[in-house]
Amino acid sequence: MRSRSILPPGSRRLLLAITVGGALPLAAQAPAITAADYDRAARFLAPATSPLVTGGTVAATWLPDDRFWYRSRTAAGSEFVLVDAARRTRAPLFDHARLASALGTAAGATYSAAALPFTTLDLSADGRSVSFDVGTRRFRCDVAGSACATTGAAMRAGTGRRALEVPSPDGRRTAFIRDYNLWVRDLPSGTERQLTKDGVKDFGYATDNAGWVHSDRAVLKWSPDSRKIATAQQDERNVREMYLVPTVVGHPTLKAWKYPLVGDSALAMLHHVVVDADAGTVVRLQLPPQFHRGTIGDDITMEDYNWSPDGSRLALASTSRDHKRVTLRVADAATGAVRTVLEETAPTHFESRTGWRVLWPTNEVVWYSQRDDWGNLYLHDLTTGALKNRITTGEGPVEGIVRIDEPRRTMIVEALGRERGQDPYFRHYYRVGLDGTRWTSLTPDTGDHAIQPSPSGRYFVDSWSRPDVPPVVVLRDADGKVVMPLERADVSRLVAAGWKPPIPIVTKAADGKTDLYGLMFRPSNFDPSKRYPIINNPYPGPQSGSVGSRSFAAARGDRQALAELGFVVITVDGRGTPGRSKSFHDAYYGRMGRDNTIPDQVEAMRELGRRYPWVDTTRAGIYGHSGGGFITADAMFRYPDFFKAGIAESGNHDQRLYEDDWGERYQGLLVRNADGTDNYDAEANQLLAKNLKGHLLLAHGTMDDNVPPENTMVVVDALIKANKDFDLLMIPNAAHGYGAASNYMTRRRWDYFVTHLLGAQPPKEYEIRMPGTAR
């Protein structure tokens with residue numbers, strides 16, 4: 001459920017006839033919607049709007065001496081910039097025009113200064129030359145651009161099997177999986193060596209499979225000295241499988257993989273090990289197999305492993321099946337002996353939004369907890385587990401640990417909601433002492449911030465913006481004082497194209513007292529004398545929310561594009577999503593279907609209808625993907641008199657058909673009752689399908705290995721049995737995202753709302769094309 005057509009023309013029915021009754025009362029005065037209107041809408045999609053913004057981004061590659069370089073996007077193309085923080089200088093990293101000429105001579109090609117054939121590089125220690133890959137070759141050029149020469153084969157990894165390998169900290173070798181066992185490759189020589197020997201199918205080392213996501217990448221963490229590897233032998237031998245069959249001509253190949261479901265008796269279990277990459281020995285940690293769970297998200301994460309600097313000890317956190325208990329332990333890497341440091345329990349689910357950090361020199365651990373209803377950090381003794389002191393206090397959750405300065409006993413954290421009068425989802429950064437004193441704001445500007453600290457901690461790059469304010473990037477010192485400006489986004493071409501920013505909105509939740517925050521999108525040719533249907537694009541979480549980042553974006557999905565066709569589109573973070581208090585996040589724990597932000601979404605729409613005469617809540621629509629697809633169908637069934645049209649894409653409509661970790665974390669363990677029902681029945685959309693009154697389109701990819709298509713088909717089955725009219729689109733061979741069919745899905749979404757909310761006829765078979773392509 002992590003993540004967002006209709007039938008092809010001439011085939012408007014799959015399994016059932018499309019609903020034709022119940023015409024909108026304003027059909028006779030429906031606006032004419034033409035291909036030109038769709039053209040205008042398409043111009044507000046990201047492929048068209050993003051190129052109209054230049055500058056405003058810095059991805060700093062810091063050097064040891066408080067210098068850094070980055071690639072800046074300009075109106076002409078791009079340039080590489082070198083910044084010296086101490087000297088407060090900003091200049092081209094090299095002579096772009098001369099280097100383009102010299103590289104062209106060496107490579108036998110033609111290049112321009114603003115469109116060089118590489119996006120990343122390595123700067124020599126003396127700063128006199130740069131090295132980079134072009135195609136299959138590697139080149140070195142002096143920064144004056146007077147000479148370039150090939151130095152051999154390209155060095156950048158990232159293609160084929162090599163992209164699945166994990167490099168050691170010293171960069172001399174990589175670890176990878178072959179035939180369910182762990183191997184290492186010596187990079188200078190290319191020599192490969194097998195480390196484990198007993199890995200077999202479904203009981204392999206470092207394997208990556210959480211059911212909803214799976215790959216051949218190695219899941220492991222190197223020790224800082226590059227000599228040991230922390231990983232697990234994952235036992236899935238008794239876990240049941242999921243199956244998909246592609247659409248092909250001829251005999252299809254069955255796709256099968258391990259995919260545990262809610263309530264299954266056999267789940268993936270982790271046998272934690274430490275592998276000596278030099279000796280090839282395996283030390284098994286002396287603890288029982290642990291559930292495939294993590295303190296962050298619903299997959300295992302290497303954030304739950306912390307190595308000591310010398311590689312002699314490994315701290316690791318394990319989470320119970322229901323996520324209600326987490327245990328921090330420390331293991332001896334040589335013997336496998338394990339001792340428990342601390343345990344924490346939560347009545348709903350434990351979640352570490354920041355992760356946790358061990359301070360090995362002082363034998364302490366920085367621990368995240370929501371024990372006081374807010375995400376805060378605590379300092380514990382690593383030997384006894386005893387609490388030494390709180391590090392952060394107060395309202396507004398701490399969301400990240402950016403940097404810990406152990407000698408100075410300070411740290412930099414990311415937090416939300418601590419700046420009064422601002423959107424509580426804006427990220428800000430603070431310095432605080434490990435003793436809980438000296439709380440200092442480092443990013444005072446009103447907006448959403450992201451920082452990149454230098455290795456020395458003396459400087460950091462600060463990028464900030466708002467949905468309606470383009471990005472500004474500055475360099476600050478350790479106290480947050482601006483040292484020098486770096487970038488400011490130029491959106492003049494975007495504005496000239498008719499773009500208008502989304503409007504921040506605040507509404508009340510269904511409880512009548514909790515403030516909810518979101519964004520509203522209106523047509524760029526908005527006319528306040530008109531009445532516009534309102535469409536909601538929600539996401540229920542609980543692991544994320546509807547709105548997404550509060551930073552500037554030239555496009556946010558197709559929300560503005562859809563608005564251009566004559567709608568008001570909103571997205572609101574309802575209760576049950578993260579980024580606020582623990583009680584806000586847990587608002588619908590155990591009631592995933594009944595209260596999954598939909599009451600809040602409906603109330604927000606009604607409030608906007610009361611507030612603005614141009615919002616017409618008698619023509620209300622809703623659409624969403626994945627979890628958003630789940631609550632779209634749920635909204636159509638639970639509020640059949642309010643929502644007139646909905647589009648549910650790839651929805652996890654019954655959590656018993658979705659991977660075990662997600663449902664058991666937010667709904668609780670499956671409890672079967674004596675009458676044959678269970679605690680998941682009330683959350684299953686197919687059991688409510690008989691309530692449908694409006695127009696519902698269900699869509700799903702037939703090869704969705706995240707949310708398998710059975711999730712939609714059980715709703716289809718229930719609708720048929722209830723004799724309901726609906727629309728269905730199964731996209732052949734598409735996964736959770738629709739790939740090549742994405743634009744088709746977008747267009748059919750537009751068609752559906754134009755037809756059923758505007759009462760208009762959409763242009764026939766309109767095709768969304770990338771900018772610059774002929775129609």
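Select strand β29, residues 376-381, in this predicted model. The strand is mostly covered, with 5 of its 6 residues buried.

Next, add strand β28, residues 364-369. β28 and β29 run antiparallel and are joined by 6 bridges. To find one point along this pairing, show Val-366 and Leu-379: Val-366 stands opposite Leu-379, which belongs to β29. Then follow the chain through the hairpin of β28 and β29, where 6 residues lie between the strands. Stop at Asp-373 in this hairpin, which takes a positive phi near 85°.

Return to β29 and add strand β30, residues 387-390. This pair is also antiparallel, and 3 bridges join β29 to β30. Show Tyr-378 together with Arg-390; Arg-390 is the bridge partner of Tyr-378 in β30. The hairpin of β29 and β30 has 5 residues between the strands. Select Gly-385 there and check its backbone: Gly-385 takes a positive phi near 80°.

While the strands are on screen, look at the side chains. In a regular strand they alternate between the two faces of the sheet.

The last stop is on the surface. Select Tyr-243, Val-245 and Leu-254, which make a nonpolar patch of about 290 Å². Within this patch, centre on Val-245, in the loop between β18 (241-244) and β19 (255-258). Is Val-245 buried, partly exposed or exposed? Val-245 has a relative accessible area of 44%, so it counts as partly exposed.

Note on methods
Residues numbered from 1 in each chain as written. Predicted model: local features only at pLDDT ≥ 70, side-chain atom pairs only at ≥ 80, totals over all residues. Heavy atoms only, no water. Patch = residues over 30% accessible without salt bridge, like charges linked within 9 Å, V, L, I, M, F, W, Y side chains within 5 Å. Areas by Shrake-Rupley, 256 points an atom, 1.4 Å probe, with all protein chains shown as cover. Salt bridge = Lys/Arg side-chain N within 4 Å of Asp/Glu carboxyl O. Helix = DSSP H or I, 4+ residues; strand = E, 2+ residues; numbered from the N terminus. Buried < 20%, exposed > 50% of the residue type's maximum accessible area, 1.4 Å probe, protein only. Pairing = 2+ DSSP bridges.
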